[in-house]
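Visitor: I should like to understand how descriptive terms are applied to a protein model. May we go through one together?
Guide: Certainly; please look at the model shown here.

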Amino acid sequence: MSEHSRGTKLVLPVDEARDHIRGPAEAAVTLVEYGDFQCPHCGQAHLVLNELLARFDQDVRLVFRHFPLTQIHPDAQRAAEASEAAGAQGRFWEMHDALFENQDALDLESIAEYAQEIGLDMIEFARDLAAGVYTERVREDFLSGVRSGVNGTPTFFINGNRHDGPWDLASMTAAIESKIAPAHHQR
Amino acid sequence: MKPKKDNSNGTRTTRRSGNGEHRSRPLQPGVEAPDFELNSTPDQKVDLSHFSGRPIVLVFYPADWSPVCGDQLALYNEILPEFNRHHAQVIGISVDSAWCHNAYAQHRKLHFPLLADFEPKGQVARTYGVYRDGDGVCERALFVIDPDGIIHWSYVSPLGVNPGADGILNALEEITAKEPSHV
């Protein structure tokens with residue numbers, strides 16, 4: 001039917017200089033999430049991922065990339081740019097967590113409160129957001145997702161392959177365990 | 001876009017195999033895209049040939065409001081700037097009525113037309129070989145049509161699986177590379 005292979009491989013490889021990565025660099029499993037801070041499913045996945053990172057603290061690292069669906073989630077782009085602005089000050093994951101834990105309040109004023117709470121330089125933060133310094137970066141993430149076959153949020157890639165099954169804790173645990181080398185796993 | 005041509009290669013049939021599983025035979029690359037006219041709103045009709053000279057992305061989907069369709073169309077809505085770079089027109093088609101499409105498009109803020117393959121039900125989907133007889137809905141099928149009205153790429157996704165947009169963008173890039181004069 002088609003000569004195109006279906007896009008189930010991560011097109012943009014994980015890059016430690018570019019990506020936001022949580023977990024050990026030598027982890028056997030790299031989990032890439034394409035997510036949207038205003039997406040309720042991503043909010044649920046956030047809790048699952050926290051569990052996974054705690055359970056597999058030696059074996060899994062998480063990469064977060066932006067995939068805001070701005071037409072249905074009007075605050076998603078702002079939230080994504082805010083996380084990047086926080087990232088520029090070394091606080092990406094703190095902002096990422098604050099956004100997912102406050103998905104019902106992603107207006108500018110609320111986001112400024114989270115920025116304050118995590119100790120950002122507020123002048124720099126406000127300036128970056130107002131100037132749209134990270135608009136392009138968020139779009140880059142989005143397009144890399146599109147080219148990799150991301151078809152909604154959240155979409156996960158496990159070691160570069162799209163994970164098409166469910167992403168509840170049990171399913172993700174099984175998917176991750178199957179990727180951890182047996183010898184390594186039996187430690 | 002040229003007038004509708006009878007498709008004699010037999011690829012348009014949709015049939016149900018012995019185990020009850022559908023097997024659609026979508027029109028294949030190289031075949032001329034059959035022209036059609038359908039309602040986009042209760043009082044407005046859209047003719048496929050209206051878009052001739054531009055690539056067209058035909059998105060057949062089972063139903064307005066169903067969760068996967070929502071994600072799929074929301075995704076295309078979000079990617080419109082990329083489709084626009086190729087001067088491509090995105091068109092959604094399902095068997096829902098124009099009134100239903102109207103409400104759905106407004107609710108989801110969709111910026112491309114949804115056509116109602118409503119009467120006779122599913123006729124255009126049948127012509128393209130992507131109607132599910134027993135279910136009474138279209139397949140989740142994609143056709144990328146080149147500016148000359150020839151199908152460049154087609155794909156039928158399992159009903160519950162959002163096919164994403166990478167295949168569409170690859171096809172549009174191939175068309176742009178082949179026919180730079182059109183864009």
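Visitor: What percentage of the 187 residues in chain A is made up of buried residues?
Guide: In this predicted model, buried residues account for 51% of the 187 residues of chain A. A residue is called buried when its relative accessible area is under 20%.

Visitor: What makes Cys39(A) count as buried?
Guide: Its relative accessibility is 2%. The cut-off is under 20%, so Cys39(A) counts as buried. Cys42(A), with a relative accessible area of 0%, is buried by the same reasoning.

Visitor: How many disulfides does the structure hold over all chains?
Guide: The number is zero.

Visitor: Why is there no bond between the sulfur of Cys39(A) and the closest cysteine sulfur, in Cys42(A)?
Guide: The two sulfur atoms are 3.3 Å apart. A disulfide requires a pair of cysteine sulfur atoms within 2.5 Å, so the distance is too far for a bond. Cys42(A) is likewise in no disulfide, as its nearest cysteine sulfur is that of Cys39(A).

Visitor: How many helices and strands are there in chain A?
Guide: Chain A has eight helices and five strands. Along the sequence they follow the pattern β-β-α-β-α-α-α-α-α-β-β-α-α.

Visitor: Which residues of helix α4 of chain A are buried?
Guide: Helix α4 covers residues 108-117, and its buried residues are Ser110(A), Ile111(A), Tyr114(A) and Ala115(A).

Visitor: How do you know that the buried residues of α4(A) line one face of the helix?
Guide: Viewed down the axis of α4(A), the buried residues fall within an arc of 145 degrees, and therefore they line one face. On the other side of α4(A), Glu109(A) and Gln116(A) are exposed, which means that each has a relative accessible area over 50%.

Visitor: Which helices do the buried residues of α4(A) pack against?
Guide: They pack against α2 (76-88), α3 (92-101) and α5 (122-131) of chain A.

Visitor: Which residues have the most contacts inside the largest nonpolar core?
Guide: They are Leu31(A), Leu52(A), Met95(A), Leu99(A), Ile111(A) and Phe125(A), in a core of 42 residues. Leaving aside residues up to four places away in sequence, Leu99(A) touches Phe37(A), Ala79(A), Ser83(A), Leu106(A), Ile111(A) and Tyr114(A). In soluble globular proteins, nonpolar side chains tend to be buried together.

Methods
Residues numbered from 1 in each chain as written. Chains lettered and ligands numbered in written order. Predicted model: local features only at pLDDT ≥ 70, side-chain atom pairs only at ≥ 80, totals over all residues. Heavy atoms only, no water. Buried < 20%, exposed > 50% of the residue type's maximum accessible area, 1.4 Å probe, protein only. Core = buried A, V, L, I, M, F, W, Y, C linked by side-chain atoms within 4.5 Å. Contact = heavy atoms within 4.5 Å. Helix = DSSP H or I, 4+ residues; strand = E, 2+ residues; numbered from the N terminus. Arc of directions from axis to C-beta.
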